[in-house]
Amino acid sequence: ASAAQQRLSGGLIDYVLPADASSEAIFRAIKQLALKSNALRRTFVAEEAVCAQRGAASALSPQELADFAARQAAGMINGWAACVLLNEYGAIFRAEYPPAPSPVLRKIPRPFLTGQQLFQMMADEAFYDSVTDDVIERQALANLEPAMAASLALVSKAQRHCGAIVATSKQRRSDSLAFEALDRFANAVAARFEQLQPYNYALPELRKDRLWERLRDRMLHLDIYRSSNCKIPWKYRIFDDAWGLLTLGIDDDSELIRQIHMPKRRAGVPRAPNLREQHSDSPCFAATIDFSTQTMQYSSSGFPPPLSFERSGLRAGSRIIGTETTGVAALQPNVGVVICDGALWNWLQLRDAPYERLATVLDREQPIGLASVVTLG
């Protein structure tokens with residue numbers, strides 16, 4: 001190489017041998033380099049695994065954990081990955097990385113049921129069989145042109161199946177050490193998901209912040225805005241570790257609780273109690289929040305239907321029975337649903353600003369009324 005080429009090219013020098021070095025010396029140097037590179041590779045993979053486990057341990061919600069797990073697994077295997085997490089109440093948290101317009105896996109991967117761990121340096125039919133029996137999903141996986149592939153069940157320390165990770169690589173740019181790191185990472189994800197379950201959460205945290213009252217409990221964040229002259233009461237109660245009851249504008253909710261605990265009611269999460277027996281002329285609102293289906297069934301009298309926080313003006317489906325409105329609002333992880341009284345609803349309708357920054361706008365302008373922001377996370 002010319003002197004100019006040498007200046008432009010960069011590199012690291014591990015060994016310098018004289019020009020007249022014997023073939024034995026050259027072979028010995030190559031052998032030492034090979035042994036050293038393997039040790040360096042193991043050190044790098046071990047450090048990467050530790051960082052990944054720390055990242056999983058710092059996830060603050062199941063959906064955040066699924067997003068991180070998919071992204072990290074894809075990086076470990078230099079390709080694509082999916083993570084699906086399921087809690088014992090049936091709530092599902094999904095993520096794929098890199099994301100695509102249409103998910104590759106629409107169903108729960110088989111390892112969740114089988115508990116199987118599969119690692120292949122060259123993917124074959126056994127890999128597809130380990131993930132799904134759905135023809136469309138198998139074709140979507142094949143379209144990724146997988147070379148290396150892995151499918152892992154996520155199993156908690158209590159030996160409960162709580163999800164699965166599926167990962168593929170288009171090129172064999174990795175080795176079996178990546179599978180070892182992925183296996184350890186899967187254990188860290190399962191452990192963190194177990195910690196994020198409702199029964200492992202601390203007591204609900206309620207704090208007052210200027211015009212806001214903020215409740216943090218289990219999978220629910222509840223932010224209540226009330227202007228200084230707004231006296232509308234609110235309550236949130238927990239039932240069966242799987243759902244909660246939110247009421248607005250109801251001082252005495254004993255009748256609602258009686259309806260919920262009627263002996264002949266169906267098992268599972270009940271519908272929102274009807275408000276016709278409240279005998280109140282004031283606006284009121286009641287909703288059962290179901291963590292497993294990520295929905296809120298509500299009854300409202302004098303309150304507008306809930307609004308999706310990130311979809312400007314989109315109302316939840318509802319129907320009117322007399323003076324009472326009932327409906328179901330979908331709750332998405334980290335996407336808030338807003339419930340407001342008539343005064344604040346009128347203020348919202350006069351605004352052109354999107355609702356994404358509602359909290360900031362409420363803090364700044366302090367309109368009259370009440371707004372309740374319900375978020376799973």
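The legends below describe close-up views of aromatic side chains in a predicted model.

**View 1. The aromatic pair F68–F185 joins helix 3 and helix 7.** This pair belongs to a structure that holds seven aromatic pairs. The ring centres of F68 and F185 are 6.0 Å apart and the planes meet at 65°; because an angle over 60 degrees counts as edge-to-face, the pair is given that label. F68 lies in helix 3 (residues 62-77) and F185 in helix 7 (residues 176-195), so the contact ties together parts that are 117 residues apart in sequence.

**View 2. Burial of F68 and F185.** F68 has a relative accessibility of 15% and therefore counts as buried, the limit being under 20%. F185 is buried as well, with a relative accessible area of 0%.

**View 3. The aromatic pair F119–F179 is tilted.** The two rings are 5.1 Å apart, centre to centre, with 45° between the planes. F119 sits in strand 3 (residues 117-120) and F179 in helix 7, and the pair links these distant parts of the chain, 60 residues apart.

**View 4. Accessibility of F119 and F179.** F119 has a relative accessible area of 30% and is therefore partly exposed, as its value falls between the limits of 20% and 50%. F179, at 7% relative accessibility, counts as buried.

**View 5. An aromatic cluster of F285, Y298 and F303.** The side chains shown are two phenylalanines, F285 and F303, and one tyrosine, Y298, which form one cluster.

Note on methods: Residues are numbered from 1 along each chain as its sequence is written. This is a predicted model: local features need pLDDT of at least 70, side-chain atom pairs count only at pLDDT 80 or more; totals for chains, interfaces and linings use all residues. Side-chain values use heavy atoms; hydrogens and water are left out. Rings of Phe, Tyr and Trp (its six-membered ring) pair if their centres lie within 6.5 Å; planes under 30 degrees apart count as stacked, over 60 as edge-to-face and the rest as tilted. Helices (H or I, at least four residues) and strands (E, at least two) are DSSP runs, numbered from the N terminus. Buried means under 20% relative accessible area, exposed over 50%, partly exposed in between (1.4 Å probe, protein chains only).
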